[in-house]
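Got a few minutes to go through this one with me? Pull the structure up and we'll talk it over.

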Amino acid sequence: MFDHSVVLFSYGTLRQREVQLSVFGREVSGTPDRLPGYRLSTVEITDPQVIAISGATHHPILQATGNAADVVEGTALRLSEDELAAADDYEVDDYQRALVPLASGLHGWVYAADHDGLTT
């Protein structure tokens, strides 16, 4: 049995079935959630492997605003520590990972452009 105790808040390509199969080797279940204090922007992806997996040259990326009225919809995915490491390998250097409070009350890891005042 696998331990899927890690929460990763995904708002982009890691919610896609094809990306999950390539990165995690399985389809990942999750629950809808929201992240306050952020808005979405776009980043150009130049890594050919990431483009091949996602099928896109532009991905969404979170920008911290600190404004609770700014909310990003996404999915709280349940992963193992090894799967979180695989997600780290998949994400390009434009993304930084930090632990954040979600609207549901869960704390989850998230990939964003910046994390002013957040724990990494």
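What follows is a chat between a trainee and a mentor about this predicted model.

Trainee: Let's start with helix 1. Which of its residues are buried?
Mentor: Helix 1 covers residues 17-24. Look down its axis and the buried residues fall within an arc of 100 degrees, so they line one face of the helix. Those buried residues are V19, Q20, V23 and F24.

Trainee: And what do the buried residues of helix 1 pack against?
Mentor: The partners are two helices and a strand. V19, V23 and F24, for instance, meet E83, A86, A87 and Y90 in helix 3. The full set of elements is helix 2 (48-54), strand 5 (71-79) and helix 3 (81-90).

Trainee: How are helix 1 and helix 3 oriented to each other, roughly parallel or roughly perpendicular?
Mentor: Two packed helices are described by the angle between their axes and the distance between the axes. For helix 1 and helix 3, the axes are 9 Å apart and the angle is about 110 degrees. Angles of 65 to 115 degrees count as roughly perpendicular. Helix 1 and helix 3 are therefore roughly perpendicular.

Trainee: What phi does G25 take?
Mentor: G25 comes just after helix 1. Its phi is positive, at about 75 degrees.

Trainee: On to helix 3. Which residues there are buried, and which are exposed on the other side?
Mentor: The buried residues are E83, L84, A87 and Y90. They fall within an arc of 110 degrees seen down the axis of helix 3, so they line one face of the helix. On the other side, the exposed residues are E81, D82 and D89.

Trainee: V92 lies in the loop between helix 3 and strand 6. Is V92 buried or exposed?
Mentor: Being in a loop doesn't settle it, so go by the cut-off: buried means under 20% relative accessible area. V92 has a relative accessible area of 14%. V92 is therefore buried.

Trainee: Which residues is V92 in contact with?
Mentor: Leave aside its neighbours within four places in sequence. What remains on the list for V92 is I45, D47 and V50.

Trainee: Now strand 5. What is the relative accessibility of L77?
Mentor: L77 has its place in strand 5. Not counting residues up to four places away in sequence, L77 touches V6, V7, L8, S10, L14, Q20, V28, S29 and G30. L77 counts as buried, and its relative accessibility is 2%.

Trainee: How far apart are the C-alpha atoms of L77 and V92?
Mentor: Along the chain, L77 and V92 are 15 residues apart. In space, their C-alpha atoms are separated by 19 Å.

Trainee: T75 is in strand 5 too. Which residues is T75 in contact with?
Mentor: T75 counts as buried, at 17% relative accessibility. Leave out its neighbours within four places in sequence. The contacts of T75 are then L8, F9, S10, R15, G30, T31, P32 and D33.

Trainee: What about S54 in helix 2, which residues does S54 touch?
Mentor: S54 is buried, with a relative accessible area of 11%. One of its contacts is V19, which is among the buried residues of helix 1. Not counting residues up to four places away in sequence, S54 touches T13, Q16, V19, H59 and Y90.

Trainee: Where is Y111, and what does Y111 touch?
Mentor: Y111 has its place in strand 7, residues 107-112, and at 4% relative accessibility Y111 counts as buried. Two of its contacts, L84 and A87, are among the buried residues of helix 3. With residues up to four places away in sequence not counted, Y111 touches L8, Y11, L14, L62, L84, A87, D88, E91, Y95, Q96 and R97.

Trainee: R97 came up there. Which ring does R97 lie over?
Mentor: R97 lies over the face of a ring, at 4.3 Å from the ring centre. That ring belongs to W109.

Trainee: Last one. How many aromatic pairs are there in the whole structure?
Mentor: Ring centres have to lie within 6.5 Å to pair. A search of the whole structure was run for such pairs, and the number found is zero.

Key:
Residues are numbered from 1 along each chain as its sequence is written. This is a predicted model: local features need pLDDT of at least 70, side-chain atom pairs count only at pLDDT 80 or more; totals for chains, interfaces and linings use all residues. Side-chain values use heavy atoms; hydrogens and water are left out. Rings of Phe, Tyr and Trp (its six-membered ring) pair if their centres lie within 6.5 Å; planes under 30 degrees apart count as stacked, over 60 as edge-to-face and the rest as tilted. A charge sits over a ring if NZ of Lys or CZ of Arg is within 6 Å of the ring centre and within 35 degrees of the ring normal. Buried means under 20% relative accessible area, exposed over 50%, partly exposed in between (1.4 Å probe, protein chains only). Helices (H or I, at least four residues) and strands (E, at least two) are DSSP runs, numbered from the N terminus. The arc is that of the directions from the helix axis to the C-beta atoms. Contact means heavy atoms within 4.5 Å. Axes are lines fitted to C-alpha atoms, for helices over the stretch in contact, and angles run from 0 to 180 degrees between N-to-C directions. Angles under 35 degrees count as roughly parallel, over 145 as roughly antiparallel, 65 to 115 as roughly perpendicular and the rest as oblique.
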